[in-house]
Amino acid sequence: MLIPFAGRGSPACRAALPALKLPNLESLLSRLSLADTDTQDESTRSPPHERALAKALGIAAADGCIPWAALEARQAGLATPDDTEGWGVVTLCNWQVGIDDVALGDPAAIEIDGAESAALLDVARPFFEEDGIALHASPTPGRWLARARIFDGLATASIDRAVGYPISQWSPLGDSARPLRRLQNEMQMLLYTQRVNDDRAARGVPPINSFWLSGTGALKGATPAAAAPAPAVSDALRVSALRDDGAGWAEAWQALDAGDIASLLADYTRGAEVALTLCGDRAAQRYTVQQRGLARWASSLFNRTRAATVLGAL
């Protein structure tokens, strides 16, 4: 199992950490050993959970260039191993205009349905094609796959990095990204005039006024082979972490502890070779089964603060 946002450095989530009671995580950590640590700083475009998942899938890529879109296109039959062009994920979103800056709202909160996504795709496609970008629908409303050479080697920030922060902090820079910045401006003006947004205003939901590009890169050759089965990824903590909802994050952690973590602990008890990867803003730590003869002895060395200590360091 891989858990994004297991640790969070935002003020409310950090304040909630000391009082967090996670008995099943405590018990599981006391029986596993630290196998791998990836620690960077918070300026990386690819957050720790994306780097950890890419490693688990056998994908090696530079920061901001993990080819998630290319992998998805390959799995959907839109791309082949001979495809040398880059791909990117285009996510429709709400840019929140403030007094001093424009911030990226969480796309998960815009409540877009399939019909709205399809209507906006039809409107947007000619504008993207003028810049040599081919758009494809994906199963998730408000999320499209885009194919163009410009995406090969173009570093972009994950949405999980950019949500809640000024657009200028995470937008791609450099001459290669200039067409994309122009396209974003064109799309802002285009989306403003769409009936979809009139209908959304009547429903009281945020307007869709731009898009975010992420998951860029090319996946050349055969699909990478993972050394082990891909981990299950839990999104239970994501929304509350991105909103810095400390109480909600703590509640989600407790539910996760009572559910999936308890199940993982039960798997360990039955003799399974379990693994747990905890990810925060800066680091990912992967825990695996140690020698079971040492497990009972090792468990006595850890007190009830171990989980808080581990999560606080992520």
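Let's start with a sheet: four strands, E1, E9, E10 and E2 in that order, make an open sheet with mixed pairing. Keep in mind as you look around that this is a predicted model. At the borders of the sheet sit strand E1 (2-3) and E2, the edge strands, each of which pairs on one side only. E1 runs parallel to E9, and the two are joined by 2 bridges. If you want a spot to zoom in on, find Leu 2, which stands opposite Thr 277 in E9. As a bit of background, strands of a sheet pair through backbone hydrogen bonds, and they can do so in a parallel or an antiparallel way.

Just after E1 comes a residue with an unusual backbone. Phe 5 is found in the loop between E1 and helix H1 (11-16). Its phi is near 60 degrees, which is a positive value in a residue other than glycine. Most residues other than glycine have a negative phi. What is the relative accessible area of Phe 5, and is Phe 5 buried or exposed? Phe 5 has a relative accessible area of 4%, and because the cut-off for buried is under 20%, Phe 5 counts as buried.

Now move along to helix H3 (48-56). Several of its residues are tucked away: Pro 48, His 49, Glu 50, Arg 51, Ala 52 and Ala 54 are buried. What do the buried residues of H3 pack against? They pack against E1, E2, H4, H6, E9 and E10, and that list takes in the strands of the sheet we began with, E1, E9, E10 and E2. Once H3 is over, Gly 58 follows, with a positive phi near 80 degrees.

H3 also helps us find the pockets. The largest pocket has a volume of about 940 Å³. It is lined by 31 residues, and Glu 50, Arg 143, Ile 159, Asp 160 and Arg 238 are the ones nearest its centre. Glu 50 should ring a bell, as it was among the buried residues of H3. Which elements each supply at least two residues of this lining? They are helix H3, helix H4 (68-75), strand E3 (86-93), helix H6 (159-162) and strand E8 (210-217). H4 has the largest share, with 4 residues. Sorted by class, the lining has 15 nonpolar, 8 polar and 8 charged residues.

The second largest pocket has a volume of about 510 Å³. Its lining is made of 23 residues, with Ala 52, Ala 56, Pro 231, Thr 277 and Arg 286 closest to the centre. Thr 277 is the residue we met opposite Leu 2. Two or more lining residues come from each of strand E2 (32-39), H3, strand E9 (275-279) and strand E10 (283-289). E10 gives the most, with 5 residues. By class, this lining divides into 13 nonpolar, 4 polar and 6 charged residues.

Back at the largest pocket, two of its elements, E3 and E8, are partners. They run antiparallel and are joined by 6 bridges. In one of the pairings, Val 89 has Ser 214 in E8 as its bridge partner. E8 is mostly covered, with 8 of its 8 residues buried.

Ser 214 is also a way into the next stop, Ser 158, since Ser 158 touches Ser 214 along with Arg 45, Pro 47, Glu 50 and Trp 212. Ser 158 lies in the loop between strand E7 (143-148) and H6. Is Ser 158 buried or exposed? Its relative accessibility is 5%, so Ser 158 counts as buried. A polar atom of its side chain lies 3.1 Å from the backbone nitrogen of Asp 160, and Asp 160 is one of the residues nearest the centre of the largest pocket.

Our last stop is helix H10 (residues 238-242), where you'll find Val 239. Val 239 is partly exposed, at a relative accessible area of 34%. C-alpha to C-alpha, Val 239 and Ala 252 are 9.6 Å apart in space, and they are 13 residues apart in sequence. Between H10 and helix H11 (246-269) there is a loop that holds Asp 244. Asp 244 has a positive phi, near 50 degrees, in a residue other than glycine. Unlike Phe 5, which is buried, Asp 244 is partly exposed, with a relative accessible area of 24%.

Definitions and conventions
Residues are numbered from 1 along each chain as its sequence is written. This is a predicted model: local features need pLDDT of at least 70, side-chain atom pairs count only at pLDDT 80 or more; totals for chains, interfaces and linings use all residues. Side-chain values use heavy atoms; hydrogens and water are left out. On a 1 Å grid over the protein atoms alone, a cavity is a set of points where a 1.4 Å probe fits but cannot get out, and a pocket is an open set with protein on both sides within 12 Å along at least five of seven lines; lining residues have an atom within 4 Å of a point. Grid points are joined across faces, edges and corners, and a volume is the space filled by probe spheres set on the points. Ala, Val, Leu, Ile, Met, Phe, Trp, Tyr, Cys and Pro count as nonpolar, Asp, Glu, Lys and Arg as charged, and the others, Gly among them, as polar. Buried means under 20% relative accessible area, exposed over 50%, partly exposed in between (1.4 Å probe, protein chains only). A polar contact is a pair of N or O atoms within 3.5 Å; within protein, one must be able to donate a hydrogen and the other to accept it, and residues adjacent in sequence count only if both atoms are side-chain atoms. Contact means heavy atoms within 4.5 Å. Two strands pair if DSSP finds at least two bridges between them. Lists of a residue's contacts leave out its neighbours within four places in sequence.
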